[in-house]
Every structure is written in C-alpha cells, then in structure tokens.
Amino acid sequence: MRTGTASRTTKETDVRAELTLEGSGKVHAETGLPFFDHMLEQLGRHAGFDLDVTCTGDLEVDGHHTVEDVGLALGEALLQALGDKAGVRRFASITVPLDEAAVEVALDLSGRAFVVHEVDVPAEMIGTFDTGLVEDFVRAFAQAAAMTLHVRLRSGRSPHHVVEAEFKAIAKALGDACSLTGSGGIPSTKGTL
C-alpha cells in the first residue's frame with residue numbers, strides 16, 4: 001500500500017493528512033469549512049484514494065490559512081505515498097463537466113512544481129467558503145506534491161459547479177497519473193522524478 005502522512009502546525013493552523021493511493025474513495029475531512037470538506041471528499045472519492053484530513057485553523061480571521069495549509073499537507077502526503085514513482089503512469093488529462101461547467105486538467109508527476117490556473121470563477125461565498133481560495137489550495141497542493149498542474153475553465157457560470165468540476169477533474173487526472181502501469185521502471189529518461 002502506498003500511503004503518506006503529513007502534519008503541519010503553525011500559529012495559524014494545525015493540520016493532519018493521511019492519504020492511501022490504493023484506496024476505495026473513503027474520505028473523512030474536518031476543516032471547519034463544510035463546503036471545502038465536501039470538495040476534499042470529491043478529491044478522494046473520484047481519485048480512488050482514501051483520505052483522512054483534519055484541520056483546526058484561525059477561521060475567525062478567514063479560511064485562507066486553513067485551505068492553503070491543507071493543500072500543503074495533502075501535497076506532502078501524496079509525494080510521500082508516491083515514493084520514487086516507479087511504475088506510475090505519470091501523465092494524465094481530462095475534462096470534467098458538471099451541468100453548464102466544464103473544467104480541463106492536465107498534470108505531470110514530474111518532480112517540478114508548476115501551476116497554470118486559468119479558472120475565472122465569480123467570487124462568491126458558498127456557505128462559509130470563499131471561492132477565491134480554490135486557487136490557493138491548488139497552488140499549495142501542486143507545490144508540495146512537486147507536480148506540474150494545468151487547470152482551465154472551458155465553460156461555466158455557477159461558482160458551485162465550477163469549483164466542484166475543478167476538484168473532480170483534478171481527482172480523476174490524479175488517480176490516473178498515480179496508477180501503476182505494470183512496468184517497474186521510473187517513467188523518465190533521467191531515471192528519476
């Protein structure tokens with residue numbers, strides 16, 4: 001089983017994340033931001049990962065520290081679970097629709113953190129969650145996981161649909177890229193990722 005765990009404690013947050021790549025999509029997320037918890041559930045379920053994420057943060061200030069630090073912890077757990085990445089598919093892409101919204105994701109478990117995030121979602125509060133924080137999560141997650149991640153909005157009007165399609169698209173591409181191909185080699189001409 002490829003499993004990773006990460007903890008992050010600062011003056012602003014206390015995060016614990018555990019991730020199992022060969023999971024069944026079982027997710028427990030408790031961050032104090034119910035809509036964000038729902039999106040983390042989408043991430044685990046649609047990637048086929050088991051996730052356990054807890055965070056207590058300074059939500060009285062705002063959700064930024066919680067969302068970003070959860071992204072960093074999940075990225076660290078993913079990187080740990082992937083190990084040397086021997087046998088992984090490495091690349092994946094998909095476009096996921098949700099009603100009028102469609103989000104395209106392409107990623108590479110390259111060992112190089114790089115993000116293109118072209119999702120112009122209307123700023124809106126969904127419950128207690130600020131949609132402007134999605135990009136902060138994506139950038140923190142990709143940075144800590146050392147992946148190249150491109151996310152583009154193809155269509156969409158409802159912030160809820162756009163954000164949910166984005167999390168599902170990242171999940172599906174990530175599940176595919178992390179899957180084992182049957183070859184034991186590291187998928188790189190350099191011999192390392």
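**Two mixed sheets and their helical packing**

In the predicted model, an open sheet is built from four strands arranged in the order β1-β2-β4-β3, with mixed pairing. The edges of this sheet are occupied by β1 (3-9) and β3 (27-30), each of which has a single partner strand, so that one side of each is left without a neighbour in the sheet. Direction ignored, neighbouring strands of this sheet are turned against each other by 5° on average. Within the sheet, strand β2 (residues 13-20) is paired with strand β4 (residues 50-57) in the antiparallel sense, over eight bridges, and in this pairing A17 of β2 is placed opposite V53 in β4.

Two helices pack on this sheet. Helix α1 touches β3 and β4, and its direction makes about 155° with that of β3, whereas helix α2 (residues 64-82) touches β1, β2 and β4 and makes an angle of about 35° with the direction of β2. The length of helix α1 (residues 34-47) can be checked against an ideal rise: at 1.5 Å a residue its 14 residues should span 20 Å, and because the end C-alpha atoms are 20 Å apart, the model agrees with that expectation. The buried residues of α1 are F35, F36, D37, M39, L40, Q42, L43, G44 and A47, a list in which D37 and Q42 appear beside residues such as F35 and L40. The helix is followed by G48, for which phi is positive, near 80°.

A further open sheet, again of four strands and with mixed pairing, has the order β5-β6-β10-β7. Its edge strands are β5 and β7, each of which pairs on one side only, and the twist from one strand to the next averages 10°. Strand β5 (residues 91-98) is joined to β6 by eight bridges, the two strands running antiparallel; F91 has D108 as its bridge partner in β6, and L98 stands opposite A101 of that strand. Two residues lie between the strands in the hairpin of β5 and β6, where D99 takes a positive phi near 55°. On the β10 side, β6 pairs with strand β10 (residues 148-155) over seven bridges, also in the antiparallel sense, and A102 is found opposite S155 in β10. Strand β6 (residues 101-108) is largely enclosed by the rest of the structure, because six of its eight residues are buried.

This sheet, too, is crossed by helices. Helix α3 (residues 134-145) lies across β7 and β10 and runs at about 160° to β7, while α4 lies across β5, β6, β7 and β10, running at about 150° to β5. Helix α4 (residues 159-178) also gives the most to the largest nonpolar core, to which it contributes eleven residues. That core comprises 62 residues, of which L74, L78, F137 and M147 touch the most other members. For L78, when neighbours within four places in sequence are left aside, the contacts are with L19, L21, F49, F141, A145, M147, L174 and C178; M147 is thus one of the contacts of L78 and is itself listed with L78 among the members of the core that touch the most others.

Two individual sites were examined in further detail. H117 is located in strand β7 (residues 114-118), and its relative accessibility of 12% is the reason why it counts as buried, the cut-off being under 20%. Residues up to four places away in sequence not being counted, H117 touches V134, E135, V138, R139, V151 and E166. With E166, one of these residues, the side chain of H117 also forms a polar contact of 2.7 Å.

S183, by comparison, is found in the segment after α4. Its relative accessibility is 44%, so that S183 counts as partly exposed. The side chains of S183 and T181 are joined by a polar contact of 3.1 Å. Although S183 and R89 are 94 residues apart along the chain, their C-alpha atoms are separated by 9.4 Å.

Terms used:
Residues numbered from 1 in each chain as written. Predicted model: local features only at pLDDT ≥ 70, side-chain atom pairs only at ≥ 80, totals over all residues. Heavy atoms only, no water. Buried < 20%, exposed > 50% of the residue type's maximum accessible area, 1.4 Å probe, protein only. Polar contact = N/O pair within 3.5 Å; in protein donor to acceptor, adjacent residues only side chain to side chain. Contact = heavy atoms within 4.5 Å. Core = buried A, V, L, I, M, F, W, Y, C linked by side-chain atoms within 4.5 Å. Pairing = 2+ DSSP bridges. Axes fitted to C-alpha atoms, helices over the stretch in contact; angles between N-to-C directions. Expected span 1.5 Å × (residues − 1).
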